[in-house]
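Colleague: Could you walk me through this model?
Modeller: Certainly; here it is.

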Amino acid sequence: MEFLQYFGGVFEPVSFMLLLGGTIGGLILGATPGLSPTMAVALLIPFTFQLEATQGLILLGAAYTATVAGGAVSAILLRIPGAPANIATALDGHEMARQGRGTEALHVSFLASGIGGIVGVLLLIFLTPILAQWALAFGPSHLFWMAILGVTVIGSLDSRSFVKGLLSGCLGLWLSMIGYDDIQGAQRFIFHDSLTGGVNIITALIGIFAIPQVIEMLAKGRVEHKVTSVQVESQSLFTSLKLLGRNVKALSIGTVVGSIIGLIPGVGGQIAGLLAYDQTRKFSKDKDSFGKGNPAGVIAAESANNAMVGPSLVPLLTLSIPGSPTAAVLLGGLLIHGIFPGSDLFDNYPEVAWTFINSMLIGQVLMVIFGIWVARHAARVAHVPPPIMAAAVMVLALFGSYSVQQSMGDVYVMLVLGLSMYLLEKVGFSAAPLVLGLILGPIAEANFIQGSMIANATDGPMVYFMSGTLNLFLVVLVIASIAYSFISTRSANKTGAPA
Amino acid sequence: MKKHLMSLALLAASTTLTSVAVQAADFPDRPISMMVSYGAGGATDFQARIVTMMAGGEEFLGQPMVIINKPGAGGRVGWNWFAGEAEADGYTMAAYNIPHFIAQSIEGGVKYSAESFEPIANWGADPAVVVVGADSPYNTIEELIAYAKENPGRVTVSGAGLYVGHHIAALQIQKATDTKLAYIPTKGGGAAAMKAVIGGDVVAGINNLSDAFRAREAGNVKILAVADVQRSEEFLPDVPTMMEAGYEVDNASVNFRGVMVPKGTDPEIIATLAEKVPAMFASDRVSKQMSAGGSPMKIMSREEVQAMWAARQETLAELLAGLK
């Protein structure tokens, strides 16, 4: 209970102001498409030069948690996920917003984020020494199987057609191969300079989600808007809490999946939301309601991506290994103050470490309060006439894709992907499996090649990939996931429902 | 108002070639951007932000320097842009990483070579070191090499990618000791390569001195040797160099970081920068922040960097010739 001693530090005037500022600023940055949590934290690092170590970390920690949650705002209201972590949130969240239930969606999203986040940080506080060893156990073979487990989800993410889901997943996998391959030195599918670095995931997200929607809105025009004008229901917090209470199962699945995935270095929060979403749907009695505005989808995704924040810092704080890009940026923030994370961090700098962790707990609470306050006003976005909305989203999309790496090339990539996605959606393909393929491709590929290189130098690939408890456990999960898809398709066929 | 007109006139004039003299005399009169070809938060980005933080001081450049990240393909995206599209007006600078960009240009498929850029000054040098996990049976570099000789191709060694310092060091060690190592490039940079060592995925690793130093402080690794011509007195006075251990491995793999401008920049502007930038690197606040972050500094003048680039070009061309 050592951490309780250091709560005072969080409430010192300067620290608390930084925490508040970091949380509010983080929510706004997170809600801006193109500004991922990693970038938001990196942008803040220079500001911490002037601050004390503890204060600097409070600012960074607050910004990290809040940007992850803030990404849900644009995912729900605009259907542009702020970061890969929020993809699954967009699936049901935006549907809810379109039905005028935007406030409700934002409420449950922030509440789920807060609960997931607090559980994640508590895991960080109480189980760090055990979890650190666990995080190290994941080598290339295990990460490969994790990625394959993710791939098995691809087909079922598209509720309309299993085959088309798989096809768009393959398309995503192919897109992920473009560019210069760091491991073997091959140059693949680089037809234009802007593709040398491959397709940036944030750029792709913006294009794939925002552009089809802009075209859709412009196509509708002014006339139809008058007819479909949505009534934005004002929603009391109490009803949202009741709604959350009815979805405890989604909340628990999200929190558990998020915590586990967050811990594994190299997988990160990118897939936590999607895996949790998929699991929640598989365990749900009403599978068909997902993708049509089921709050359980939002709850699962958001509790997962915030639950992952705490555990994702375990390898960083105890082993000095940043498990995610954002953790790498936080490492920079620690180093700048001469603090080397490692097993003795909590002995040498208990005040810095515990105040930082505590501030993330308090930050979650502030985030929920501020988020709920904003939700009431933000949901009015649905009132904006489509032509104006389309223009605004377009501006955000262009700005966001350019700002990822200050490159006009990325803007072209975003536009091309967006246009293609619009056409693909017309023939029944959907965006989520494609994006999942794009995210999982590099993880599966890099770890497979590394694993084979290690295997060839030792006992051969069969032994390397197929032995050991963890490998076998993951293989069983993969098989179970595939088997489940087959069985559920079969039984759906029997009852006469379209597969 | 007069000042305003003046700057407008300067702006207009700077687009024509005749104005070079005017431009050079007042340089710099607006903020300077510095392109870093790695992502925000990486070691190069992190150090670049520290060493440029004093640029706004009147005694240095009198104008702030802004970091622009253009990451991708191990630095190729940024340096391609810098060689092909950056304006040679002195207001667009870039960070270089040696041996990375020279090795990449020898490998081919990029738009730059050492001839495309003009060095200004060097700020840091991060040598490659050989690390093994804390519970590894090997305690000296000799023991590891002996094991590698008995088991050719079976000693797995992680590093941050291809054609980077770690890869060069691995190639040099193979050549000097007449062994065959299984070099495993990782995708997540030095951190992922270090994780592979600590987690026991590989037998040994080659990593940055600064990161290895921290990992050793945390009790996670043993550092067996430094691939440099001298020991690191500041961070690792107890670790021998490869040469001390009797292996002909010089400093060709040391990761030098510094600042450059595109070829064709006005010589007077280069002279101004070459005078003021090293002084900025040498300021107290910069060196304090750098050493707090465990980043070894090595300030070198333009002439020294030119000599170093030429020497690297030669060594790397020879070393990589056998690879293709």
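**Overall form and interface**

Modeller: In this predicted model, chain A has 499 residues and a radius of gyration of 22 Å (over C-alpha atoms), which agrees with the value near 23 Å for a compact globule of that length (2.2 Å times the number of residues to the power 0.38). Residues are numbered from 1 along each chain as its sequence is written, and chains are lettered from A and ligands numbered from 1 in the order written. Local features need pLDDT (the predictor's confidence in each residue, from 0 to 100) of at least 70, side-chain atom pairs count only at 80 or more, and totals for chains, interfaces and linings use all residues.

Colleague: How many helices and strands are in chain A?

Modeller: Chain A holds 23 helices and 2 strands (DSSP runs, numbered from the N terminus: H or I of at least four residues for helices, E of at least two for strands).

Colleague: Switching to the interface, how many residues does each chain bring to the contact?

Modeller: Chain A brings 46 residues and chain B 45, a contact being two C-beta atoms, placed from the backbone, within 7 Å.

Colleague: Which element of chain A gives the most there?

Modeller: H21(A) does, with 6 residues.

Colleague: And where does pLDDT stay under 50 in chain B?

Modeller: That applies to residues 13-21 of chain B, for which the model has 6 contacts beyond four places in sequence. Where pLDDT is low, the predicted coordinates should not be read in detail. The mean pLDDT of chain B is 88.

Colleague: What ipTM does the predictor give the complex?

Modeller: The ipTM is 0.83, alongside a pTM of 0.86.
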